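Subject: Handover of the model, with notes

Dear colleague,

I am passing on the structure we spoke of, and would be glad if you read the notes below with it open beside you.

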Amino acid sequence: MIECSKITKIYQIGSIQNKALENVSFKINEGEFVAIIGPSGSGKSTLMHILGCLDTPTSGQYFLNKKEVSKLSEKELAEIRRTHIGFVFQSFNLLPRTSVLQNVMMPLLYQKISFSMRLEKAKKTLKDAALSEEFWNYYPNQLSGGMQQRVAIARALVTNPKIILADEPTGDLDSKTGEEILQTFVRLNLEGHTIVLITHDKYIAAKAQRIISLKDGHIAEDQLIQNSIMFRDIKE
């Protein structure tokens, strides 16, 4: 589903070049749950932006569903983001003056479907994200952090994307709530969604099926986790 081939990203600041990624290559198959881990400055945020079609590499190729997207225009990249990728961010990125239900319906505005269909899809994904119906007409600031993240997950799911890209999704949550959110990602993966989770936390990364470790813009390790902590918990 995802293939990066010799991806390099260089940021030019005046006469100074900062090489954030260099010759990064890997593949992610459909249905995998992959954690990309690394300390600050390792290049994981840059890689996330490229995988999410929010940025393009300086050199190398990025294929999504066998289509090279690394050289597409901004308009074409925006279409890929709308149809293929669901984003979940650490800071939730919800519209503050819009209700929970309206936040989840928002991505569907780009689809040529009726209001009633958008409403039906939003309600279904909120149920899938395990947010109780009593909160659907609340505003984001009336919800706990965990509830807001569930809204963000529902918004990411509502267009039925092939990939869910989660950037430090538990970073602003307490440990108990963060564990519940991770359980939600595992359940979604077991239902067939491809999950790519960006994190600096080794404990969180250990709950994926596979860990890609970045260091100084290079892949330091690509490790399969046969019996991850989270999957053992689910099976037990």
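The notes below take up the two sheets, then a pair of helices, and then a single residue.

Please keep in mind that this is a predicted model, in which local features need pLDDT of at least 70 and side-chain atom pairs count only at pLDDT 80 or more, while totals for chains, interfaces and linings use all residues. Residues are numbered from 1 along each chain as its sequence is written, and side-chain values use heavy atoms, with hydrogens and water left out.

Helices (H or I, at least four residues) and strands (E, at least two) are DSSP runs numbered from the N terminus, and two strands are said to pair if DSSP finds at least two bridges between them. In general, strands of a sheet pair through backbone hydrogen bonds, either parallel or antiparallel.

One open sheet has 6 strands in the order β6-β7-β8-β3-β9-β10, with mixed pairing. Its edge strands are β6 (85-89) and β10, each of which pairs on one side only, and the twist from one strand to the next averages 15°; such angles run from 0 to 180 degrees between N-to-C directions, with axes fitted as lines to C-alpha atoms, for helices over the stretch in contact.

Within this sheet, strand β3 (residues 33-37) is mostly covered, since 5 of its 5 residues are buried, a term that stands for under 20% relative accessible area, with exposed meaning over 50% and partly exposed in between (1.4 Å probe, protein chains only). Phe33, Ala35 and Ile37 point one way from β3, whereas Val34 and Ile36 point the other way. β3 pairs in the parallel sense with strand β8 (residues 194-199) over 5 bridges, where Phe33 has Ile195 as its bridge partner, and also in the parallel sense with strand β9 (residues 210-215) over 4 bridges, where Ala35 stands opposite Ile211.

β9 in turn runs antiparallel to strand β10 (residues 218-224), to which 6 bridges join it; among the bridge partners are Ile212 with Asp222 and Ser213 with Glu221. The two strands form a hairpin with 2 residues between them, and Asp216 in the turn has a positive phi of about 50°.

The other open sheet has 4 strands in the order β2-β1-β4-β5, with antiparallel pairing. Here β2 (16-28) and β5 (67-68) stand at the edges with a single partner strand each, so one side of each is left without a neighbour in the sheet. Strand β4 (residues 59-64) is joined to β5 by 2 bridges, and Phe63 stands opposite Glu68 in β5.

As for the helices, the axes of α5 (residues 145-157) and α6 (residues 175-190) come within 10 Å and cross at roughly 20°. The two are therefore roughly parallel to each other, given that angles under 35 degrees count as roughly parallel, over 145 as roughly antiparallel, 65 to 115 as roughly perpendicular and the rest as oblique. Residues of α5 including Ile153 and Leu157 meet residues of α6, among them Ile181 and Leu188, where contact means heavy atoms within 4.5 Å.

Lastly, Ile204 is found in helix α7 (residues 202-205), and it counts as buried because its relative accessibility is 12%. Leaving aside its neighbours within four places in sequence, Ile204 is in contact with Thr170, Leu182, Leu197 and Thr199.

With best wishes
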